[in-house]
Amino acid sequence: MAENRQKNGPKEERQQMVFGWDNYKWMLIGVALLVVGFVLMWGGGSDDPNVFNYEEIFAWRRIGLAPMVVLAGFGVVGYGIMHRFGNKKSNDKK
């Protein structure tokens with residue numbers, strides 16, 4: 001193997017990236033969903049500490065929608081990490 005390198009001369013070997021561009025695209029979409037989910041959870045506070053606004057704090061947006069969007073974001077990030085895009089080489093054909 002060392003002889004091969006000497007015969008071919010100093011050749012730059014291109015390192016292969018762990019993730020492809022499609023993986024990064026899906027991970028960025030997932031991070032964007034996470035940010036949207038956490039933004040949906042914001043609010044519900046009151047200017048007066050003696051007032052408890054039940055409808056604002058326990059609104060469907062904060063209790064139902066935002067956690068679903070965050071979980072979807074984690075799912076999309078997981079898909080972006082685990083899925084192998086392209087590079088489908090077949091060793092069967094020789």
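Student: In which helix is alanine 32 found?
Tutor: This is a predicted model, so everything here describes a prediction. Look for alanine 32 along the chain. Its place is in helix α2.

Student: Is alanine 32 buried, partly exposed or exposed?
Tutor: Buried needs under 20% relative accessible area, and exposed needs over 50%. Alanine 32 has 43%. That value falls in between, so alanine 32 is partly exposed.

Student: How many Å apart in space are alanine 32 and glycine 73?
Tutor: In sequence, 41 residues separate alanine 32 and glycine 73. In space, go from C-alpha to C-alpha. For alanine 32 and glycine 73 that distance is 7.4 Å.

Student: What separates the C-alpha atoms of alanine 72 and leucine 34?
Tutor: Alanine 72 lies in helix α4. Its relative accessibility is 36%, so alanine 72 counts as partly exposed. Along the chain, leucine 34 is 38 residues from alanine 72. Their C-alpha atoms are separated by 7.9 Å.

Student: What pattern does the protein follow along the sequence?
Tutor: Start with the secondary structure, which comes to 4 helices and 0 strands. Now read along the sequence. The pattern is α-α-α-α.

Student: How far does α4 reach from its first C-alpha to its last?
Tutor: Helix α4 covers residues 60-82, which is 23 residues. At 1.5 Å a residue, 33 Å is expected. The reach in the model is close to that, at 32 Å.

Student: At which residue in α4 does the kink lie?
Tutor: The kink is about 30°. Look shortly before proline 67. There the kink lies at alanine 66.

Student: Against which helices do the buried residues of α4 pack?
Tutor: First pick out the buried residues of α4. Among them are Gly64, Val69, Val70, Gly73 and Val77. The buried residues of α4 pack against α2 (21-41) and α3 (54-57).

Student: Which residue forms a salt bridge with arginine 62?
Tutor: Side chains of opposite charge can pair when their charged atoms come close. A search of the whole structure finds 1 salt bridge. Its closest N and O atoms are 3.2 Å apart. The partner of arginine 62 is glutamate 56.

Student: Is arginine 62 buried or exposed?
Tutor: Arginine 62 sits in helix α4. Its salt-bridge partner, glutamate 56, is partly exposed at 33%. Arginine 62 has a relative accessible area of 9%, so it is buried.

Student: Which residues is arginine 62 in contact with, leaving aside its neighbours within four places in sequence?
Tutor: Go through the contacts in sequence order. Begin with Leu40, Met41, Trp42, Gly43 and Gly44. The rest of the list is Glu56, Ile57 and Pro67.

Student: Is asparagine 23 buried or exposed?
Tutor: Asparagine 23 is found in helix α2. The cut-off for buried is under 20% relative accessible area. Asparagine 23 has 4%, so it counts as buried.

Student: Which residue has its backbone oxygen 2.8 Å from a polar atom of the side chain of asparagine 23?
Tutor: Check the contacts of asparagine 23, leaving aside its neighbours within four places in sequence. They are Gly80, Ile81, His83 and Phe85. The backbone oxygen lying 2.8 Å from the side-chain polar atom belongs to histidine 83.

Student: How many aromatic pairs are there, counting rings with centres within 6.5 Å?
Tutor: Rings of Phe, Tyr and Trp pair if their centres lie within 6.5 Å. By this rule, the count of aromatic pairs is 6.

Student: Why is the pair of phenylalanine 19 and tyrosine 24 edge-to-face?
Tutor: The ring centres of phenylalanine 19 and tyrosine 24 are 5.9 Å apart. Planes over 60 degrees apart count as edge-to-face. The pair is edge-to-face because its planes are at 85°.

Student: How many residues apart are tryptophan 26 and tyrosine 79?
Tutor: Tryptophan 26 and tyrosine 79 also form an edge-to-face pair, 5.4 Å centre to centre. Tryptophan 26 is in helix α2 and tyrosine 79 is in helix α4. The pair links distant parts of the chain, and the number of residues apart is 53.

Student: Which residues form one aromatic cluster with Phe19?
Tutor: Phenylalanine 19 is partly exposed, at 23%. Tyrosine 24 is also partly exposed, at 33%. The cluster joins Phe19 with Trp21 and Tyr24.

Technical notes: Residues numbered from 1 in each chain as written. Predicted model: local features only at pLDDT ≥ 70, side-chain atom pairs only at ≥ 80, totals over all residues. Heavy atoms only, no water. Helix = DSSP H or I, 4+ residues; strand = E, 2+ residues; numbered from the N terminus. Expected span 1.5 Å × (residues − 1). Bend = angle between axes of the 7 residues up to and from the residue. Buried < 20%, exposed > 50% of the residue type's maximum accessible area, 1.4 Å probe, protein only. Contact = heavy atoms within 4.5 Å. Phe/Tyr/Trp six-rings, centres within 6.5 Å; stacked < 30°, edge-to-face > 60°. Polar contact = N/O pair within 3.5 Å; in protein donor to acceptor, adjacent residues only side chain to side chain. Salt bridge = Lys/Arg side-chain N within 4 Å of Asp/Glu carboxyl O.
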